[in-house]
Amino acid sequence: MLETHGQSVQKTHSEQPVSFSNASSIEDKWQNTANLLRHEIGDTAYRNWILPISIRSLKENVLEISVSTRFMKDWVSSHYADRIRAIWSQSFSPLSSVEVIIETKKASAASDETTNKMRDDGSNTMSSIAPIPETHKGPSVNQNTALSDIDAISSPLDPRFTFDNFIVGKSNELAHAAARRVAENPTVPFNPLFLYGGVGLGKTHLMHSIAWSIKQHAPQRKVLYLSAEKFMYQFIKALRFRDTVSFKEQFRSVDVLMIDDVQFISGKESTQEEFFHTFNALVDQNRQVIISADKSPSDLDGIEERLRSRLGWGLVADIHPTSYELRLGILESKAQQMNKNIPEDILAFLAHKISSNVRELEGALNRIVAHSDLIGRPMNIETTQDLLHDLLRANERRVTIEDIQRKVAEHFNVRLSDMHSVRRARSVARPRQVAMYLSKQLTTHSLPEIGRKFGGRDHTTVMHAVRRVEELIQTKLEIAEDVDLLKRALSS
Ligand code: ADP
Ligand code: MG
């Protein structure tokens, strides 16, 4: 895949500081945008996802870009389109959206043959991720051996995700200690090791650290790391090519198997079944299995009971949300890695304001550094607030259902207790419906959760309320105005 995009490799690789006023053609603007993004997401992601993008057109505030596979399209759309739009809008002209289209190119290199074969079959697009070039394969690991089967199905390891770069605090010390133990112990201390925690709190970082550490200290051990998603694609591919025997052999020949984000296979029965057998086979042979998920084994929905209970047999280590001190520590270490002198008050500001997850925190820091490096914007609180207004807003906009109920009750002049009561009079039922609607819109709570907060109502009642208010907004101007007013009051 890299060869087919040789041209853009040359172009976007320029590291010259850019002067935005000179960026006239859309190609130039794209290069500038890509450069800024590169600072935010790092070289590996940049190489894999941004470099292969071609720029198509800019029409009526819609920027059209193209990639060569459906998988690339999905990934770029969900992970980068929004940032591309934001950076472009901030630096050049406002964009309303970034559209990603697929433009298949004739593959030229023979090495593309396998990836193309998988790509053509439609469901195996996961396999079309470009292999990371050797020079990016991370900390001093012997690279002389040819890619084995295992390396070919392994997901790429991020060279930055090592134990050295992992900052330990109260919230992650158990998970970190367990990961170290598993990485350094020649035998199997607990099986499986199950790491769980919210998004962006370091699960993948710890798993990659284990892989790097074993590759360095015990290179004879076969380590296989992959996302649960990729495990499923491999399995489907094996089924399709009637090759499940070698699939089984491959997976069962490893010393250490790591499956990231296992919640992905919830509800996917045959994948779970296969995973369960692989898992048992490995544990029975005393091979190490390491799993990550966003929830504890007992809270994983859609996972069969016998698998769920088996997952909890070894050590279950959770990662809690970060504390202010840990966030500050991470920022300091990151600034040091980048060799940047960043004023202490900015780091403190970021650690204070961006508490949701470490990925966002890093993204924020990268954005500030990129803008200072590339266009010489001064590093101070004012610039920081300006550059990060979207992120800061998102972090502040954590409205609770209770806030919504209070505001809505005030607005319609009803009692707060009416939000929970069984009274059905229109004068209280309508405000209650509006509050349910706003809870769905402004919080991440599920319908059943919302129902519970409104006096233990059923989720279908909430769904009905949401639909009803949606209709009313279309047909009744005053309701539309009320909702708009409340939304703004709650989001400011
Ligand atoms: P998860 O897999 O839990 O969603 P990741 O492991 O991908 O989260 O972490 C998100 C980002 O935050 C990564 O860039 C990672 O390096 C960073 N990160 C998370 N926790 C720490 C930590 N304790 N020290 C340093 N970096 C961290
Ligand atoms: Mg992860």
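Two strands are taken to pair if DSSP finds at least two bridges between them, and with that criterion in hand the tour of this predicted model can begin at its sheets.

**First stop: the sheet of three strands**

Select residues 54-59, 62-67 and 97-102, and colour each stretch separately. Strand 1 (54-59) and strand 3 (97-102) are the edge strands, each pairing on one side only, and strand 2 covers residues 62-67. Together the three strands form an open sheet in the order 1-2-3, with mixed pairing, and the twist from one strand to the next averages 25°. Now restrict the view to strand 1 and strand 2, which run antiparallel and are joined by five bridges. Within this pair, show K59 as sticks and look across to strand 2, where V62 stands opposite.

**Second stop: the sheet of five strands**

Move on to the other open sheet, in which five strands follow the order 5-6-7-4-8 with parallel pairing. Its edges can be found by selecting residues 223-227, which make up strand 5, and residues 315-319, which make up strand 8; each of these strands pairs on one side only. The twist here averages 15° from one strand to the next. For a view of the pairing itself, select strand 6 (residues 256-260) together with strand 7 (residues 288-293), a parallel pair held over four bridges. In that view, L257 can be labelled along with V289 of strand 7, the residue it stands opposite.

**Third stop: ligand 1 and its shell**

Centre the view on ligand 1, which is surrounded by 17 residues, the closest being I167, G200, T204, H205 and E362. Colouring the shell by class gives seven nonpolar, seven polar and three charged residues. Helix 8 (203-217) and helix 15 (358-375) are worth displaying as cartoons, since each supplies at least two residues of this shell.

Which domains should be coloured to see where ligand 1 lies? Choose domain 2 (147-319) and domain 3 (324-394): both give residues to the shell, so ligand 1 lies between them.

Finally, show the side chains that approach oxygen atoms of ligand 1. A polar side-chain atom of T204 lies 2.8 Å from one such oxygen, and a polar side-chain atom of R359 is likewise placed 2.8 Å from an oxygen atom of the ligand. For E362, the distance between an N or O atom of the side chain and an oxygen atom of ligand 1 is 2.7 Å. A surface display completes this stop: taken alone, ligand 1 exposes 550 Å², of which the protein buries 93%.

Key:
Residues are numbered from 1 along each chain as its sequence is written. Chains are lettered from A and ligands numbered from 1 in the order in which they are written. This is a predicted model: local features need pLDDT of at least 70, side-chain atom pairs count only at pLDDT 80 or more; totals for chains, interfaces and linings use all residues. Side-chain values use heavy atoms; hydrogens and water are left out. A residue is near a molecule or strand if one of its heavy atoms lies within 4 Å of it. A polar contact is a pair of N or O atoms within 3.5 Å; within protein, one must be able to donate a hydrogen and the other to accept it, and residues adjacent in sequence count only if both atoms are side-chain atoms. Accessible areas come from the Shrake-Rupley method with a 1.4 Å probe; for residues, only the protein chains shown count as cover. Ala, Val, Leu, Ile, Met, Phe, Trp, Tyr, Cys and Pro count as nonpolar, Asp, Glu, Lys and Arg as charged, and the others, Gly among them, as polar. Domain bounds come from an automatic or database domain assignment. Axes are lines fitted to C-alpha atoms, for helices over the stretch in contact, and angles run from 0 to 180 degrees between N-to-C directions.
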